[in-house]
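Trainee: Could we go through this structure together, a few points at a time?

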Amino acid sequence: MKNVSLKNKIPVGILGATGMVGQKFIELLANHPWFNVTTLAASERSVGQVYKKAVNWHGTAPIPAAMANLKIKPCKPNFDCQIVFSSLDSSVAGKIEETFAQSGYTVVSNSKNHRMDKDVPLLVPEINYQHLDLVKKQPHQGKIVTNPNCSTIGLVIALKPLIDNFGVKEVSVVTLQALSGAGYPGLASLDMLDNVIPFISGEEDKLEDEPLKIFGTYSKGALKYHDIKISAQCNRVAVSHGHLECVSVKLKKKVSIKEIKAAWQNFSSEPQRLDLPMAPKQPIYYFEEDFWPQPKFQRDLDKGMAVSIGRLQPSSVFDYKFVILSHNLIRGAAGGAILNAELMVKKKYL
Ligand code: NAP
């Protein structure tokens, strides 16, 4: 790793900077108080071009001036920075991220490849910041830290206060996932217009497995997975951004609707205590309105980092059912990864 001279901000790079998640990193990091983007990288298709020419920009504001003319580099570990955010396609992310970690970089990844590795934290700072310690077990000079799948994140944040206060035995979840979750160009318009596709490759497994690691107990250097039972069904719907999930839960205790709402509304954790720049003021917002949450209206709530919940009702099969919404590109990807990096800085893991 090259010597990095730290002035005020920490230099960072983005692997996969041209993709849907990469573009969100660019937007969110443009005015970040701690991080300064120095390097952008992507595939051979983009290498050598300036960012504004290589990218099919989907942001609502123009490309931040400081990044528009940066030349795209290959994904080789010779960046002038310390932290590398990865939003690489999963077909290549695994190997490239390892190469960077072996060369001493801290890789903060969105990709699935290393999420379930024994020594890699699958980090949600509101839930399992203690798991960061797993990086000490990694064999390379650098580190790899991951954030969960974009549909896992809404579910685990909604479940966390229920697990802590009442215990959760079983969960059934049906997702309605946005198009941007499939990257760009994603699915063909003729497949999606006037349609819902009841299959997203690998997604149901991630939604059933990742929470067990996220809710795992970390003690004496080892992680013991949670035993919660989850059944997931995933659908792709014609919404641009924001994953909606219909959830039913069986709890360990008998509780009232009022107690559940209070557990969600009072939920606050480490990122809020530490006042991390990307942290939502409130991780969970409960809406009483029958028609909410909706992707179009609530996905950007609290910087796009909050999870919106509504429609809490008793269930005749489970105990309760409700609906959750989270922004797949922000809380479920770039924003979540930035929060992870902020936690690592604050807790001195760099
Ligand atoms: P995307 O829009 O398809 O972008 C993929 C990125 O990977 C592009 O920058 C692309 O560069 C780069 N890439 C592709 N092949 C490469 C290669 N051989 N070498 C180097 N770079 C290569 O996908 P995305 O939606 O941003 O997702 C990125 C990652 O985040 C994926 O692993 C995905 O599973 C994960 N993720 C996505 C979401 C979401 O909501 N979209 C949420 C959570 C996690 P070029 O433009 O140069 O081809």
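**Buried rings and a buried lysine**

Mentor: Phe 100 is buried, with a relative accessible area of 0%. The model is a predicted one.

Trainee: Which geometry do the rings of Phe 79 and Phe 100 have as a pair?

Mentor: By the centre-distance rule, 10 aromatic pairs are counted. In the pair of Phe 79 and Phe 100, the ring centres are 5.0 Å apart and the planes stand at 65°. Planes over 60 degrees apart count as edge-to-face, so the geometry of Phe 79 and Phe 100 is edge-to-face.

Trainee: How many residues apart in sequence are the parts that Phe 79 and Phe 100 tie together?

Mentor: Phe 79 sits in the loop between helix H3 and strand S3. Phe 100 belongs to helix H4, so the parts tied together are apart in sequence by 21 residues.

Trainee: Is Lys 213 buried or exposed, and which side chain of opposite charge is nearest?

Mentor: Lys 213 lies in helix H8. Lys 213 is buried and has no salt bridge. A salt bridge needs the atoms within 4 Å, and the nearest side chain of opposite charge is 6.7 Å away: Asp 117.

Trainee: Which residue has its backbone oxygen 2.7 Å from a polar atom of the Lys 213 side chain?

Mentor: The contacts of Lys 213 beyond four places in sequence include Met 116, Asp 117 and Tyr 225. Another residue on that list is Arg 115. The backbone oxygen lying 2.7 Å from a polar atom of the Lys 213 side chain is that of Arg 115.

Trainee: Which residue in S14 stands opposite Val 247?

Mentor: Strand S11 pairs with strand S14 in the antiparallel sense, over seven bridges. Opposite Val 247 stands Phe 322.

Notes
Residues are numbered from 1 along each chain as its sequence is written. This is a predicted model: local features need pLDDT of at least 70, side-chain atom pairs count only at pLDDT 80 or more; totals for chains, interfaces and linings use all residues. Side-chain values use heavy atoms; hydrogens and water are left out. Helices (H or I, at least four residues) and strands (E, at least two) are DSSP runs, numbered from the N terminus. Buried means under 20% relative accessible area, exposed over 50%, partly exposed in between (1.4 Å probe, protein chains only). Lys and Arg count as positive and Asp and Glu as negative; His and the chain ends are not counted. A polar contact is a pair of N or O atoms within 3.5 Å; within protein, one must be able to donate a hydrogen and the other to accept it, and residues adjacent in sequence count only if both atoms are side-chain atoms. Contact means heavy atoms within 4.5 Å. Two strands pair if DSSP finds at least two bridges between them. Rings of Phe, Tyr and Trp (its six-membered ring) pair if their centres lie within 6.5 Å; planes under 30 degrees apart count as stacked, over 60 as edge-to-face and the rest as tilted.
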